[in-house]
Amino acid sequence: MKSFEENDARTRRAAGMIGRREFLRAALASTGLAAAHLSGETLSGMGPFAPGLIGARSSNRLAEGSALPAKTSAITPNADFFIRNHFTTPRINEEKWALEVGGMVEKPVKLSYSDILLASSERRPITLECAGNLSGGAGVSTSLWSGLPLQTLLKQAGVQPGANTVIFHGGDTGEGDGVPAGTHYARAIPLEKAMDPTTLLAYEMNGAPLPPEHGFPLRALVSGWYGMDSVKWLTRIEVSNEPFKGYFQQERYVALKSNGQREPITRMRVNSKFVRPLNDEEIRAKEYRIEGFAWGGENRVTKVELRFDGNGAWQPATLSDAAEAMVWTAWSYAWTTPRVGQHTIEVRATDDAGNSQPLARDPDRKDDYELNAPHRINVNVG
Ligand code: MTE
């Protein structure tokens, strides 16, 4: 938990930065990219997210022993968004920072923080899940991200024929835990995914500048792919026609089969979790509203089902809104609680490509990524 002072300082800093952004916009301090796109933000993919939900806490406190539904917010407040860093957070001075776009491009581009803030931006809800998130784990969150589509920058730079890979270089370095000394965090995605309109270079999270630990001043947001590709503290974007050989590309985030076969981790798999009740919770109500989230990466969730006490048919839950790709969907189930005692509840989701969460982990997998077997909790009905 962050101290009040830390949060307060962050809020003041965020407010100052937003003011600066407005000032920059108003002043029309223009560079090539900025001048061309001062049309303002477009709000895309907003779907069911009412502005009032932004910043609302998803609290489980009400849940214990109560029939009252918790206010499950579809947007995770910044302070609660999960953090996954391989190295310590670099502190970047935005005045000195610049983003370079180079490699196989016609005109290499260099952009300052002001250029980025002035560029035409998009704001969309995107769910990020760490490839190593445990079943029902905390390594998944959803934010309203603001940023510029990467394709805008790549089109400006002019991708050369034959290029097929885009490498994101982060500003963090370190060693230990098998990482060779001097390694910086970097990941590559196919050019096709880089050109997808939903692949963003994000500078705001829920309307505030990226907090340092989430990649200030700029990060990639590769919608629908596991979090490792959403590289934080971006310094350089490199266009290439060769498979990227960086440490985090080749040695980490690889699916390992028992026959030695290796495959890169890319798209998020369909998954779901409970928000209420929590594991081992006491429930005293006769009618209890079970709630949670389900997500399908690039696919849309079409079905969420619950199973009680490990047997019987899977029961359909109600999706709260029309599900969209790239962002999780809230679901609920009106449970008439059964006899007193301990009960097990499982949840599993299915996407519009027909993929359902597997009932058990593939025994052939030797790595710990893509763990999407059903989230299972125990509750005590009193
Ligand atoms: N980018 C850099 N530069 N360094 C990192 O360690 N971690 C990646 C990704 N981007 C990482 C990074 C991983 S593994 C994940 S899951 C996401 O960032 C987590 O993003 P978050 O900390 O904002 O939730």
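**Burial, sheets and backbone geometry**

User: Why does glutamate 370 count as buried?

Analyst: Glutamate 370 has 22 C-beta neighbours inside 10 Å. The threshold for burial is 20 or more, so glutamate 370 counts as buried. The model is predicted. This residue is found in the loop between strand 21 and strand 22, and its phi is near 55°, a positive value in a residue other than glycine.

User: What makes tyrosine 253 buried?

Analyst: Tyrosine 253 has 20 other C-beta atoms within 10 Å, and a residue is buried at 20 or more; tyrosine 253 is therefore buried. Its place is the loop between helix 6 (247-250) and strand 12 (254-256). Phi of tyrosine 253 is near 55°, which is a positive value in a residue other than glycine.

User: Why does serine 356 count as partly exposed?

Analyst: The count for serine 356 is 16 C-beta neighbours inside 10 Å. A residue is exposed at 12 or fewer and buried at 20 or more, with partly exposed in between, so serine 356 counts as partly exposed. Serine 356 lies in the loop between strand 21 (341-351) and strand 22. Leaving aside residues up to four places away in sequence, serine 356 touches Val270, Arg348 and Thr350. Its C-alpha atom is separated by 9.7 Å from that of proline 374, 18 residues apart along the chain.

User: How do you know that strand 14 is largely enclosed by the rest of the structure?

Analyst: In strand 14 (residues 271-276), 6 of the 6 residues are buried, so the strand is largely enclosed by the rest of the structure.

User: What makes strand 14 an edge strand?

Analyst: Strand 14 belongs to an open sheet of 4 strands, in the order 14-16-20-19, with antiparallel pairing. Strand 14 and strand 19 (318-319) each pair on one side only, and these are the edge strands. Strand 14 is joined to strand 16 (residues 287-295) by 5 bridges, and the two run antiparallel. Two strands pair if there are at least two bridges between them, a condition that these 5 bridges meet. Within this pair, phenylalanine 274 stands opposite glycine 292 in strand 16.

User: How do you know that strand 15 pairs with strand 22?

Analyst: There are 3 bridges between strand 15 and strand 22 (residues 375-381), and at least two are needed for strands to pair. The two strands run parallel, and glutamate 281 has valine 379 in strand 22 as its bridge partner. Both strands belong to an open sheet of 5 strands with mixed pairing, in the order 15-22-21-17-18. Its edge strands are strand 15 (281-283) and strand 18 (315-316), each pairing on one side only.

User: Why is the largest nonpolar core placed between domain 1 and domain 2?

Analyst: That core has 79 residues, of which Ile116, Leu201, Leu234 and Ala294 touch the most other members. Domain 1 (4-264) and domain 2 (271-381) both give residues to the core, so it lies between them. Not counting residues up to four places away in sequence, the residues that leucine 234 touches include Leu99, Phe168 and Leu218.

User: Which value of omega goes with the cis peptide bond between arginine 276 and proline 277?

Analyst: For that bond omega is about 0°, and proline 277 lies in the loop between strand 14 and strand 15. The bond from phenylalanine 216 to proline 217 is also cis, with omega near 10°.

Terms used
Residues numbered from 1 in each chain as written. Predicted model: local features only at pLDDT ≥ 70, side-chain atom pairs only at ≥ 80, totals over all residues. Core = buried A, V, L, I, M, F, W, Y, C linked by C-beta atoms within 7 Å. Domains from an automatic or database assignment. Contact = placed C-beta atoms within 7 Å.
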